[in-house]
Amino acid sequence: MSINKEFLVLSLDERISLIEELWDSITDEQDSVPISSAQKDELEKRLDILMKDSDAGTDWESVKKRILMSYE
């Protein structure tokens, strides 16, 4: 799929707004996005681990910090 040339004439702010609107339209329909049985199994496995040990995993702030540090 290529970018429609009409989008390229938009300003940066307009393109960002368009992306935000597009993303919002996707998140509005996220419940209708199918997932495979393997993905469901993995989610169940991770939920079970979390229920057994609420300290399992890493909190979002730590993950975000680690990601941002990797770009410095």
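**How the labels on this model are earned**

Visitor: Why is Lys52 called exposed?

Guide: Lys52 has a relative accessibility of 75%. Exposed means over 50% relative accessible area, buried means under 20%, and partly exposed is in between, with a 1.4 Å probe and protein chains only as cover. Since 75% is over that 50% mark, Lys52 counts as exposed. This is a predicted model, where local features need pLDDT of at least 70 and side-chain atom pairs count only at pLDDT 80 or more, while totals for chains, interfaces and linings use all residues. Residues are numbered from 1 along each chain as its sequence is written, and side-chain values use heavy atoms, leaving out hydrogens and water.

Visitor: Where is Lys52 found?

Guide: Lys52 is in helix 3. Helices are DSSP runs of H or I with at least four residues, strands are runs of E with at least two, and both are numbered from the N terminus.

Visitor: How far apart are Lys52 and Glu6 in space?

Guide: Their C-alpha atoms are 52 Å apart, with the two positions 46 residues apart in sequence numbering.

Visitor: What makes Met51 count as exposed?

Guide: Met51 reaches 65% relative accessibility, so it counts as exposed. Met51 has its place in helix 3, and its C-alpha is 25 Å from that of Lys65, 14 residues away in sequence.

Visitor: And what makes Ser70 count as exposed?

Guide: The value for Ser70 is 54%, so the label is exposed. Ser70 is in helix 4. From its C-alpha to that of Arg46 the separation is 26 Å, and the two are 24 residues apart along the chain.

Visitor: How do you know that Lys45 and Glu42 meet in a salt bridge?

Guide: A salt bridge needs a side-chain nitrogen of Lys or Arg within 4 Å of a carboxyl oxygen of Asp or Glu. For Lys45 and Glu42 the N to O distance is 3.3 Å, and 3.3 Å is within 4 Å, so the pair qualifies. In general, side chains of opposite charge can pair when their charged atoms come close. Lys45 and Glu42 are three residues apart in helix 3 (residues 37-52), so they are separated by about one helical turn.

Visitor: Are Lys45 and Glu42 buried, partly exposed or exposed?

Guide: Lys45 is partly exposed at 45%, and Glu42 is partly exposed with a relative accessible area of 29%.

Visitor: What makes Glu42 and Arg46 a salt bridge?

Guide: Their N to O distance is 2.8 Å, so this pair also fits the definition. Glu42 and Arg46 both lie in helix 3, four residues apart, about one turn of the helix. Arg46 counts as exposed, at 55% relative accessibility.

Visitor: How many salt bridges does a search of the whole structure find?

Guide: Three. One of them joins the side chains of Lys64 and Glu61, at 3.8 Å from N to O, so that pair is within the cut-off. Lys64 and Glu61 are three residues apart in helix 4 (residues 60-70), about one turn of the helix. Lys64 is partly exposed at 33%, as is Glu61 at 49%. Salt bridges that share partners join Glu42, Lys45 and Arg46 into one network.

Visitor: How far is Glu42 from Glu61 in space?

Guide: They are 23 Å apart from C-alpha to C-alpha, and 19 residues apart in sequence.

Visitor: Which residues line the largest pocket?

Guide: Ile3, Phe7, Leu8, Arg15, Leu18, Ile19 and Leu22 do. Helix 1 and helix 2 (12-28) are the elements giving two or more residues to the lining, and helix 2 gives the most, with four. On a 1 Å grid over the protein atoms alone, a pocket is an open set of points where a 1.4 Å probe fits, with protein on both sides within 12 Å along at least five of seven lines, and lining residues have an atom within 4 Å of a point. The volume is about 190 Å³.

Visitor: How do the residues of the lining divide?

Guide: Into six nonpolar, no polar and one charged. Ala, Val, Leu, Ile, Met, Phe, Trp, Tyr, Cys and Pro count as nonpolar, Asp, Glu, Lys and Arg as charged, and the others, Gly among them, as polar.

Visitor: Why does Ile3 count as exposed?

Guide: Ile3 has 59% relative accessibility, so it counts as exposed. Ile3 is found in the segment before helix 1 (5-8).

Methods
Grid points are joined across faces, edges and corners, and a volume is the space filled by probe spheres set on the points.
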